Amino acid sequence: MATVAWERFVGHRWLPKAAVVVLAAVLVAGFLLVRSERRDAHNAGVLETACGGVLPRETVRGLLPGDETWELRSDLDLTGPSGRGPRTLVRCSLDWGEYGGLELAAVPVLDVPLSGVRPGDILSAGTAKEPDRATAYRTATTQVTVGCPAGLLGYPRPVTRFRVHASLNHDDGSQVAGAAKELATVVTAVADHVRDRGGCGGPAVRPSDVRPGPGRVAEGSEDSEEVPRACRWFRPGMLDGRAWGRDDQEPRGVMGDDADVCSLRVPRAKPASRLDHFAGVSSVSWRGPLLPEARTVYGAELAALSPAPEPKSGEKSYVLVVWAESSCSGARTLSRVRVETAASALAADRVDRILDAYLASSDCRAVKVLGKVWK
């Protein structure tokens, strides 16, 4: 009976071929199922250990492609007391494919020591060459700067801040759009891990504190290549100037946690004389630990502040300085704006409006103008 059935099966025109196809499909499905289970188990293990095991697993799992095998690279967690202060606190990378990956790092903010508090000193320190690990946050998808009031241990100078940044890239290397909200949760988890392990104190980090990297914000700005962020509050029309051309001296500016500086030269649209081709403007604001030194360095100038009557004519150029105290983004701030023009009347007429525009750009409130002085 069995022999007859087998002979009929073998002799059938298409049934043996169909059986082979079904068997092959079952074997392939089984192989794929086993491979999928192994991949899922591998990926789950990666999430458990990456970045000290502090990543929010469900959030990260939703960000990464489930049909890819994730590889953990550059995994490092040096938070907590560890002797000499590390240059990188946390670093991990979950990669897939050729270029796809989630990259995350936490680094201490090691400020370049200032040689002084004058605009030139701050500009020099702000434009000093920094290592890539310290500047990677600028082009990250998301980043946050976190205060550490108690200070991170192991550094020769006080380190009271650190940054956490994260980027998510497609397999072709391009950044994933629309992932900022979920990445903010990831960045927040790592930031709080560093805070706790480092004994920082201070308030916990919230996802709403996380922002895009400043370099990514600047990509959408038309004048981002020519005008530093610290100088974008100024418009050439404030001094009857014209837009900067290719041959004009570019503005210089630096924005930091304790000071902002801008220095620029404005080409005049309609010069009134051969000495009136350019006007100059510089702005500087000091906060926090720099306030006492700024008051000391500029003590003579602050003592000479007055309603500032216009000086006598006959000079080649006139410099008018105005000082103000205010609260900018919640921080007590001392600001100085310097205007240099060929005609004293122009400086006297515009300096208040220039100061107002500068302080408004930084969301400064409770402004108290301390006075003016001609230099």
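Here is a walk through one helix, the strands it packs on, and some aromatic contacts in this predicted model.

Let's start with helix H10, residues 344–361. Its 18 residues should span 26 Å at 1.5 Å a residue, and the end C-alpha atoms do sit 26 Å apart, so the two agree. That said, H10 has a kink of about 40 degrees, centred on Arg350. Arg350 is also among the buried residues of the helix, which include Leu346, Ala347, Val351, Ile354, Leu355 and Tyr358. An α-helix has 3.6 residues a turn, so residues three or four places apart point the same way. The buried residues of H10 pack against strands E7, E8, E9, E10 and E11. After the helix comes Asp363, with a positive phi near 55 degrees.

Now over to strand E8, home of Ser282. Ser282 counts as buried because its relative accessibility is 12%, under the 20% cut-off. Further away in sequence than four places, Ser282 touches Cys262, Ser263, Arg336, Val337 and Arg338.

On to the rings: there are 6 aromatic pairs in the structure. One of them is Trp286 with Tyr298, tilted at 50 degrees between the planes and 5.6 Å centre to centre. Trp286 belongs to E8 and Tyr298 to the loop between helices H8 and H9, so this pair ties together parts 12 residues apart in sequence. Both Trp286 and Tyr298 are buried. Another pair, Tyr318 and Trp374, is edge-to-face, with 85 degrees between the planes and 6.4 Å between centres. Here Tyr318 comes from E9 and Trp374 from E11, so the parts tied together are 56 residues apart in sequence.

Finally, Arg118 lies over the face of Tyr298, 4.8 Å from the ring centre.

Note on methods
Residues numbered from 1 in each chain as written. Predicted model: local features only at pLDDT ≥ 70, side-chain atom pairs only at ≥ 80, totals over all residues. Heavy atoms only, no water. Helix = DSSP H or I, 4+ residues; strand = E, 2+ residues; numbered from the N terminus. Buried < 20%, exposed > 50% of the residue type's maximum accessible area, 1.4 Å probe, protein only. Contact = heavy atoms within 4.5 Å. Expected span 1.5 Å × (residues − 1). Bend = angle between axes of the 7 residues up to and from the residue. Phe/Tyr/Trp six-rings, centres within 6.5 Å; stacked < 30°, edge-to-face > 60°. Lys NZ or Arg CZ within 6 Å of the ring centre and 35° of its normal.
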